[in-house]
Amino acid sequence: MKKVSILGATGSVGVNTLDVIERHPELFSVIALTANENIDLLYEQCIKFRPKLAVVVNTTLADKFIAKFNGEQYKPELASGKDALKLAASYDEIDCVMAAIVGAAGLPATLEAAQAGKNILLANKEALVMSGDLLMKIAKQNNSQLLPIDSEHNAVFQCLPIGNDRCEIEKIILTASGGPFLTKSLAEFEEITPEQACVHPNWEMGKKISVDSATMMNKGLELIEACKLFDVNVKDVEIVIHPQSIVHSLVAYPDGSVLAHMAYPDMRVPIAHALAWPQRINSGVDVLNLTEIGALEFSKPDYHRFPCLQLAYDAMAAQQSATTVLNAANEVAVNSFLNEKIRFTDISSVIDATLQDIEHVVVDELDVVLEKDQQARSYAQSFIRDSLVRH
Ligand code: NAD
Ligand code: MG
């Protein structure tokens with residue numbers, strides 16, 4: 001039995017993780033579940049999976065959550081507040097931690113899981129973008145295995161040689177669907193609404209990553225994620241638009257071989273892979289019907305249409321804390337866009353201005369990361385207030 005903790009259980013990745021676990025009661029037991037605010041869903045999940053520990057991050061909702069168990073025979077141990085996430089990440093008997101909190105909020109608990117030597121199923125790409133070197137170092141020191149959940153990185157992981165004998169690779173090819181605005185007229189970009197940006201053609205995801213996919217910052221974050229996870233340079237990663245989202249990524253070798261991972265676009269595929277690794281289990285997703293799919297297309301990304309993608313390259317070139325700043329400014333900008341304070345096209349302006357304003361330093365401990373994160377957030381917020389807010 002693998003004992004699993006799910007950070008961000010009520011989100012899109014969290015729910016898909018429980019869907020896979022439910023198919024294999026003999027293989028997995030759920031030890032801890034966490035949620036920020038959705039206590040109704042967390043309660044339902046607890047009743048079904050009976051974790052020992054439940055974490056409600058928003059402290060004002062903790063009493064209301066635990067009162068739901070009145071009259072029940074089962075009641076989980078309850079912890080609340082940000083620090084409680086660390087408890088869920090390092091609980092003694094846990095074998096693996098699904099890191100599925102969105103954004104910078106997931107970083108401290110992910111680092112804690114690495115410190116505790118847990119296997120980490122890493123969906124929270126922002127943790128790697130903010131402090132990839134630190135996370136990789138701590139994971140290595142503590143024998144914590146990182147298994148990528150992001151479909152592209154999970155695909156790359158599957159196409160790389162097994163074990164430690166890494167042979168030379170030519171390049172990693174990350175595919176990108178191009179999101180909902182791949183062919184939309186550029187003249188209409190200013191008027192894009194949050195609702196339009198949150199509808200992805202192939203994937204159903206949380207709002208933040210949906211907007212990131214629409215600006216293609218998601219692929220920028222994934223470029224950084226790939227460099228950190230697989231220890232490769234930016235020049236060894238190619239980004240290719242593939243609107244069908246069937247080929248999830250590829251690895252090219254010096255002999256001309258290119259290995260690809262293909263599946264229907266359903267997060268249960270990478271989740272089941274990482275949960276069972278190194279075994280294989282049923283994910284609930286059908287095997288591809290290639291003749292039904294017919295054609296697969298590939299093309300180059302348009303950096304003019306998607307300036308956020310270029311900004312991710314700029315941050316990687318600037319090195320050091322620039323990717324921490326990129327991530328923080330993006331989170332602030334996306335949030336403001338979702339709250340209709342700024343336009344879709346302003347998102348890249350906020351990130352660009354923040355990247356240019358903030359000085360980059362070496363990131364060698366969590367405090368430095370958090371300080372840069374805060375600094376970038378404050379700058380991005382004041383830039384939005386002073387230069388962009390629609391009156
Ligand atoms: P989501 O918005 O659906 O869910 C986010 C989860 O995080 C929820 O459980 C929420 O309670 C929790 N959360 C939010 N803010 C929090 C805070 N401040 N403190 C503690 N918990 C908080 O997001 P998602 O789409 O499931 O994405 C989760 C992560 O996985 C993101 O980093 C995303 O980039 C990555 N990812 C998602 C997908 C996908 O298909 N959804 C694919 C690849 C990678
Ligand atoms: Mg992805």
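Which atom of ligand 1 is 3.4 Å from a polar backbone atom of Ala-123? In this predicted model, the partner of that Ala-123 backbone atom is an oxygen atom of ligand 1. Two further residues, Thr-10 and Val-13, also place polar atoms beside oxygen atoms of ligand 1, Thr-10 through its side chain and Val-13 through its backbone. The three pairs are set out below.

| Residue | Atom on the protein side | Atom on the ligand side | Distance |
|---|---|---|---|
| Thr-10 | polar side-chain atom | oxygen of ligand 1 | 2.8 Å |
| Val-13 | backbone N or O atom | oxygen of ligand 1 | 2.9 Å |
| Ala-123 | polar backbone atom | oxygen of ligand 1 | 3.4 Å |

Ligand 1, taken alone, exposes 820 Å², and 85% of that area is buried by the protein. Around ligand 1 there are 23 residues, of which Thr-10, Ser-12, Asn-36, Glu-126 and Gly-206 come nearest. By class, this shell is made up of 13 nonpolar, seven polar and three charged residues. Two helices, α1 (12–22) and α6 (125–141), each supply at least two residues of the shell.

A separate feature is the packing of helix α14 (residues 322–338) with helix α15 (residues 346–357), whose axes come within 9 Å of one another and cross at roughly 150 degrees. The crossing of α14 and α15 is right-handed. On the α14 side, the contact is made by Ala-322, Val-325, Leu-326, Ala-329, Asn-330, Ala-333 and Phe-337, while α15 brings Ile-347, Val-350, Ile-351, Thr-354 and Leu-355. The class count for this contact between α14 and α15 is ten nonpolar and two polar residues, with no charged residue.

The backbone has two further details that a computational chemist may wish to inspect. Most residues other than glycine have a negative phi, and most peptide bonds are trans. Against that background, Trp-277 and Pro-278 are joined by a cis peptide bond with an omega of about 5 degrees, and Pro-278 belongs to the loop between α11 (268–276) and α12 (290–293). Arg-50, although not a glycine, has a positive phi of about 50 degrees, and this residue, Arg-50, is found in the loop that runs between α2 (39–49) and β3 (53–56).

How values were computed: Residues numbered from 1 in each chain as written. Chains lettered and ligands numbered in written order. Predicted model: local features only at pLDDT ≥ 70, side-chain atom pairs only at ≥ 80, totals over all residues. Heavy atoms only, no water. Axes fitted to C-alpha atoms, helices over the stretch in contact; angles between N-to-C directions. Helix = DSSP H or I, 4+ residues; strand = E, 2+ residues; numbered from the N terminus. Left-handed = near helix turned anticlockwise from the far one by under 90°. Contact = heavy atoms within 4.5 Å. Nonpolar A, V, L, I, M, F, W, Y, C, P; charged D, E, K, R; others polar. Near = heavy atom within 4 Å. Polar contact = N/O pair within 3.5 Å; in protein donor to acceptor, adjacent residues only side chain to side chain. Areas by Shrake-Rupley, 256 points an atom, 1.4 Å probe, with all protein chains shown as cover.
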